Amino acid sequence: MGWESGIQLKVLVTDKVDEKLLNRLRSMGMVIDYKPGIQRDELLKLIDGYHILVVRSRTKVDREVIDRGTSLKIIARAGVGLDNIDVEYALKRGLVIINSPNAATYSAAELTLTLMLMLARNVHLHIFDVKNGKWSKGTYEGVELRGKTLGIVGFGRIGRAVARYAEALGMRVLATDIIDVSRYANELGVKLVSLSELLELSDVITLHVALTKDTYHMVNDDRLRLIKDGAMIVNTSRGEVIDTRALLNHLDRLWGVGLDVLEHEPPREDWEFKLIQHPKVIVTPHIGAETVEAQGRIVEELVANIQDALERVRNHG
Ligand code: MLT
């Protein structure tokens, strides 16, 4: 289908986004239907007739959704990860997929730091006790991050931002990636090692990888065994990167675990609730990009990318 420039584009937005994004798209002459939290059945009934679908991580855009969207031309992901979209199939169907890969870098990196610092000083335990009337001074001795070794798995934008913050804290930083990141490692004074070495040597391990077939459960029982006693693990990437059930068996010997992501969001399995309730574990509800600044930048980045995608669709569609 070729697109006339005059066609009024219909946009379906199925996850919570900043109001400004909706207004910007309206000001571009688009008709917006904002349905955050829409359930799958309704989405399947509704999708036909829309030209652009805007989602965050909650909406699963699989083959069925793509097939039902017969007018669909652009899938816009307000965020970084594309793991909730069947990218291969969408591309085969000729759709353009865009995202906003830069917008939330510092928000995600700051949350990673927050979880590391909270774990180190047992802040979550103190908050819980103090709110429940117990003055917990003297109960949970913390550790400093200064002088400790941080292992960053995935040295992309967020991993590198975490490395800069960690350096300011006086940590020694190791990193690993599947692609050649030596240029960045040299710039930042970070030592590149293999994944196994990183797991063996680090006091704090933080994960910043996309979810793919290769990273699904990459931190499995065998790899967890490599991690030293008393280490911390932080995951602000995707829950499925860690085999959570295996992780439960290692909690006793670890210092603590900070997770912004779970294998199911919201959690639904017994083992996920066990993890959440465990005193050594901090769980936040996937808030890596939930800041005023990140959401504002997502609007700018996504609008620019949608404009660019429209040009491409109009020229080649
Ligand atoms: C992302 O991939 O952008 C993040 O996980 C944040 C989100 O979708 O809320």
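How many residues apart are Arg312 and Asp308 in helix α13? In this predicted model, Arg312 and Asp308 stand 4 residues apart in helix α13 (residues 292–316), a separation of about one helical turn. Their side chains meet in a salt bridge, with an N to O distance of 3.7 Å. Both partners are partly exposed: Arg312 has a relative accessibility of 40%, and Asp308 has a relative accessible area of 41%.

A search of the whole structure returns 17 salt bridges, and a few more of them deserve a look. In helix α10 (residues 221–226), Arg225 and Asp221 also lie 4 residues apart, about one turn of the helix. The salt bridge between their side chains spans 2.7 Å from N to O. Here Arg225 is exposed, with a relative accessible area of 57%, whereas Asp221 counts as partly exposed at 24% relative accessibility. Another salt bridge brings together the side chains of Glu269 and Arg268, at 3.3 Å from N to O. Arg268 is exposed at 58% relative accessibility, while Glu269, with a relative accessible area of 27%, is partly exposed. Elsewhere, salt bridges link Arg40, Asp62, Glu64 and Arg68 in a network.

Attention now turns to the sheet. Seven strands form an open sheet with parallel pairing, in the order β8-β7-β6-β9-β10-β11-β12. Its edges are taken by β8 (191–192) and β12 (281–283), each of which has a single partner strand, so one side of each lacks a neighbour in the sheet. Toward the β8 edge, strand β7 (residues 172–176) pairs with β8 in the parallel sense over 2 bridges, and Leu174 stands opposite Lys191 in β8.

Strand β9 (residues 204–207) can be followed in more detail. On one side, strand β6 (residues 149–153) runs parallel to β9 and is joined to it by 4 bridges; Val153 has Leu207 of β9 as its bridge partner. Strand β10 (residues 232–235) likewise pairs with β9 in the parallel sense, over 4 bridges, and the partner of Leu207 in β10 is Asn235. Leu207 is thus a bridge partner of Val153 and of Asn235. In a regular strand, side chains alternate between the two faces of the sheet. In β9 both faces are covered, with Val204 and Thr206 buried on one side and Ile205 and Leu207 buried on the other. The connection onward from β9 passes through helix α10 to β10, and the three elements make a right-handed β-α-β unit.

Asn235 reappears in the lining of the largest cavity, together with Gly239, Ile242, Thr244, Leu247, Leu259, Val261, Leu262 and Glu263. The structure holds 1 cavity of 30 Å³ or more, and the largest cavity encloses about 40 Å³ of space. Its lining divides into 5 nonpolar, 3 polar and 1 charged residues.

The second largest pocket has a volume of about 160 Å³. Which helix gives the most to the lining of this pocket? Helix α6 (residues 123–131) does, with 5 residues. The full lining consists of Met118, His124, Leu125, Ile127, Phe128, Asp129, Tyr140 and Pro279. By class, the lining comprises 6 nonpolar, 1 polar and 1 charged residues.

Finally, some backbone features stand out. Most residues other than glycine have a negative phi, and most peptide bonds are trans. Two histidines depart from the phi pattern. His217 has a positive phi of about 55° and is placed in the loop between β9 and α10, within the connection that leads into the helix of the β-α-β unit. With a relative accessible area of 16%, His217 is buried. His286, in the loop between β12 and α13, also has a positive phi, near 55°. A cis peptide bond occurs from Glu265 to Pro266, with omega near -5°. Pro266 belongs to the loop between β11 (256–259) and α12 (270–277).

Conventions
Residues are numbered from 1 along each chain as its sequence is written. This is a predicted model: local features need pLDDT of at least 70, side-chain atom pairs count only at pLDDT 80 or more; totals for chains, interfaces and linings use all residues. Side-chain values use heavy atoms; hydrogens and water are left out. On a 1 Å grid over the protein atoms alone, a cavity is a set of points where a 1.4 Å probe fits but cannot get out, and a pocket is an open set with protein on both sides within 12 Å along at least five of seven lines; lining residues have an atom within 4 Å of a point. Grid points are joined across faces, edges and corners, and a volume is the space filled by probe spheres set on the points. Ala, Val, Leu, Ile, Met, Phe, Trp, Tyr, Cys and Pro count as nonpolar, Asp, Glu, Lys and Arg as charged, and the others, Gly among them, as polar. Buried means under 20% relative accessible area, exposed over 50%, partly exposed in between (1.4 Å probe, protein chains only). Two strands pair if DSSP finds at least two bridges between them. A crossover is right-handed if, with the strands pointing away from the viewer, the path from the first strand over the helix to the second runs clockwise. A salt bridge is a side-chain nitrogen of Lys or Arg within 4 Å of a carboxyl oxygen of Asp or Glu.
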